[in-house]
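User: I'm new to this structure. Please take a close look at one part for me: the place where aromatic rings meet, along with what lies around it.

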Amino acid sequence: MNYYVKYLPAGSVITTNEQWCIVFGARDNSLPNETWDTEPAYITTDLDNPLYDEEESIFNCAPTMAATSNKRIFAQWHIGGTHEPVQENCGRYKYSDDLGKTWKDAFVLDTWVNQKIGGTKNTVLCDFSMGINDLNELMIFYTLRENINGNQTANLSTWQLKLTNPDANPNEWQFSESKLICPNMLLKNTFRVLQDGTYILA
């Protein structure tokens with residue numbers, strides 16, 4: 001089978017009588033993990049720290065939303081510090097059971113070493129995405145950037161986390177362990193599920 005790359009101007013239409021191949025990057029499992037690849041973000045519901053207060057934060061950006069089959073809406077955005085990437089960056093999550101009229105705190109994704117807020121970080125969170133899969137599970141994706149003495153390097157890794165019962169009472173939420181998807185990849189779009197169950201994340 002032959003594969004071709006074709007560049008199209010904006011607004012072009014792909015006709016159904018042409019065969020197309022979409023090329024995706026995938027992790028090479030023969031490559032060793034770097035040290036910053038082995039430390040995924042953690043989930044916390046201890047939201048009293050001022051670093052997690054969206055009203056006090058100078059930096060709030062990159063929101064994404066997802067709705068479950070029972071119409072619970074989740075919202076996520078990037079919070080902390082004055083810009084990205086900086087050590088204070090984290091992911092803030094809320095949910096609504098009344099179609100967005102009111103919102104409740106859900107959790108925060110963060111990377112402080114030993115979960116000691118204000119201490120040190122080996123990685124910072126710099127990009128997020130989420131969506132509902134065909135099993136009504138909340139799929140959460142995030143990118144980590146290596147952090148050395150408060151300075152971020154070009155080393156990246158993208159991870160997947162799953163909330164298996166998003167419509168349950170928050171006290172009963174069950175999260176999977178974070179799964180490394182690919183190193184050296186920056187997350188830059190919203191998660192999508194096709195009708196055949198294929199997941200697309202770029």
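Analyst: Rings of Phe, Tyr and Trp (its six-membered ring) pair up when their centres lie within 6.5 Å; planes under 30 degrees apart are called stacked, over 60 edge-to-face, and anything else tilted. By that rule there are seven aromatic pairs here. Before we go in, some ground rules: this is a predicted model, where local features need pLDDT of at least 70 and side-chain atom pairs need 80 or more, while totals for chains, interfaces and linings use all residues. Numbering starts from 1 along each chain as its sequence is written, and side-chain values use heavy atoms, without hydrogens or water.

Let's start with F107 and F175. Their rings meet edge-to-face, 5.3 Å from centre to centre, with 85° between the planes. F107 belongs to strand β5, while F175 sits in the loop between β8 and β9 (179-183), so this contact links parts of the chain 68 residues apart (strands are DSSP runs of E, at least two residues, and helices are runs of H or I, at least four, numbered from the N terminus). F107 is buried, at 1% relative accessibility, whereas F175 is partly exposed, at 30% (buried is under 20%, exposed over 50%, partly exposed in between, using a 1.4 Å probe and protein chains only). F175 also pairs edge-to-face with W173, at 6.5 Å between centres and again 85° between the planes. W173 counts as buried, with 11% relative accessibility. Step back a bit, and ring pairs join F74, Y93, Y95, F107, W173 and F175 into one cluster.

Two of those names come up again in the largest nonpolar core (buried Ala, Val, Leu, Ile, Met, Phe, Trp, Tyr and Cys residues joined through side-chain atoms within 4.5 Å). This core has 22 residues, and Y93 and W173 are among those touching the most other members, together with L109, L138, I140 and Y142. Strands giving two or more residues to the core are β4 (90-96), β5 (104-110), β6 (123-132), β7 (138-148) and β8 (151-163). Zoom in on L109: leaving out residues up to four places away in sequence, its contacts (heavy atoms within 4.5 Å) include Y93, Y142, F128, I140 and L161. A separate core of eight residues has Y42, L47, I79 and V108 among its members.

Strands β4 and β5 carry charged partners too. Salt bridges (a Lys or Arg side-chain nitrogen within 4 Å of an Asp or Glu carboxyl oxygen) number seven in the whole structure. R92 makes one with E54, with the closest N and O atoms 3.1 Å apart. R92 is in β4 and E54 in the loop between β1 (42-44) and β2 (60-67), so the pair ties together parts 38 residues apart in sequence. R92 is buried, at just 3% relative accessible area. R92 also bridges to D105, at 3.2 Å from N to O, which connects β4 to β5 across 13 residues of sequence. D105 is partly exposed, at 40%, and takes a further partner, K94, at 3.6 Å. That's another β5-to-β4 link, so parts 11 residues apart are tied together. K94 counts as buried, at 14%. Through shared partners, E54, R92, K94 and D105 form one network.

And the wider setting? The protein has zero helices and 11 strands, and 40% of its 202 residues count as buried.
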